[in-house]
Amino acid sequence: DGRAFDLDEASRTRRYLDVRGTASTMSDLFYVKGMLAAAELLGDAEKMRQAKAYFRQIIADIEAGTFAGEGVNFDPKVNRRPVPGRTSHGARMIALGACALFARCFPAEDEWFERGARFTRYILDRHVNLGQFPELQPHEMFEFADAGGRPWREPGGAVLSDPGHSTEFAGLAAKFLLELEKRPNKTAEQDALLEK
């Protein structure tokens, strides 16, 4: 019926939610991508303008740390609830796909390229081992970082990695970087990112 809901602690019963004025979620990220793609296809300039405003708010939530994850946890061994001091790459990774689309639709606007480059750099610096974490495999991508930007360790010391997310990041980053590569007026930082 189109009403937002979550599940109780046992993941059995729906609880309907009033989402007005709440932080952005993954649903907002996927929705704004679809909104822009549809508006572009239909030539609806007003909806494209609205999509930009909507995406700017989502980005603000991501960067302020107020973006809310909404995944339903079907595996009781994995804690998907927010943990103080633990950050995920997920929102920035999915936003990369949106940055690529916005950059393609608005190639003269710097902000989509700047934000995509910033998100790519953030994930590489905080969630991919480029030699800064000798205890991990080279180029290993891990799910969570602690407040100091180091791999988050679960009770018992495990560092969680998801090969699907590694592949997804590679694809979304490549999609964004291909748009960035076409740009004639790249910043020195953007050029350096393309060289990596």
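Visitor: What does Glu109 count as, judged by its relative accessibility?
Guide: This is a predicted model, in which local features need pLDDT of at least 70 and side-chain atom pairs count only at pLDDT 80 or more, while totals for chains, interfaces and linings use all residues. Residues are numbered from 1 along each chain as its sequence is written, and side-chain values use heavy atoms, with hydrogens and water left out. Glu109 has a relative accessibility of 24%, and since buried means under 20% relative accessible area and exposed means over 50%, with partly exposed in between (1.4 Å probe, protein chains only), Glu109 counts as partly exposed.

Visitor: Which residue meets the side chain of Glu109 in a salt bridge?
Guide: A salt bridge here is a side-chain nitrogen of Lys or Arg within 4 Å of a carboxyl oxygen of Asp or Glu, and for Glu109 the N to O distance is 2.8 Å. Glu109 lies in the loop between H3 and helix H4 (110-127), whereas its partner lies in helix H2 (residues 45-64), so the pair ties together parts that are 57 residues apart in sequence. That partner, at 13% relative accessibility, counts as buried, and its name is Lys52.

Visitor: How far apart in the chain are Arg104 and Glu40?
Guide: Arg104 forms a salt bridge with Glu40, and their closest N and O atoms are 3.0 Å apart. Arg104 belongs to helix H3 (residues 90-105) and Glu40 to helix H1 (residues 26-42), so that the pair links distant parts of the chain; helices are DSSP runs (H or I, at least four residues), numbered from the N terminus. Arg104, at 39% relative accessibility, counts as partly exposed, as does Glu40 at 31%, and the separation of the two is 64 residues.

Visitor: Which residues are linked with Asp6 in a network of salt bridges?
Guide: Within this network, the side chains of Arg15 and Glu9 meet at 3.4 Å, N to O. Arg15 counts as partly exposed at 31% relative accessibility, whereas Glu9 counts as exposed at 62%. The residues linked with Asp6 are therefore Glu9 and Arg15.

Visitor: Which residues in H6 does H5 meet?
Guide: The axes of helix H5 (residues 163-182) and helix H6 (residues 188-195), which are lines fitted to C-alpha atoms over the stretch in contact, come within 10 Å and cross at roughly 125 degrees. From H5, the residues in contact, with heavy atoms within 4.5 Å, are Leu177, Leu180 and Glu181, and they meet Gln190, Leu193 and Leu194.

Conventions:
Axes fitted to C-alpha atoms, helices over the stretch in contact; angles between N-to-C directions.
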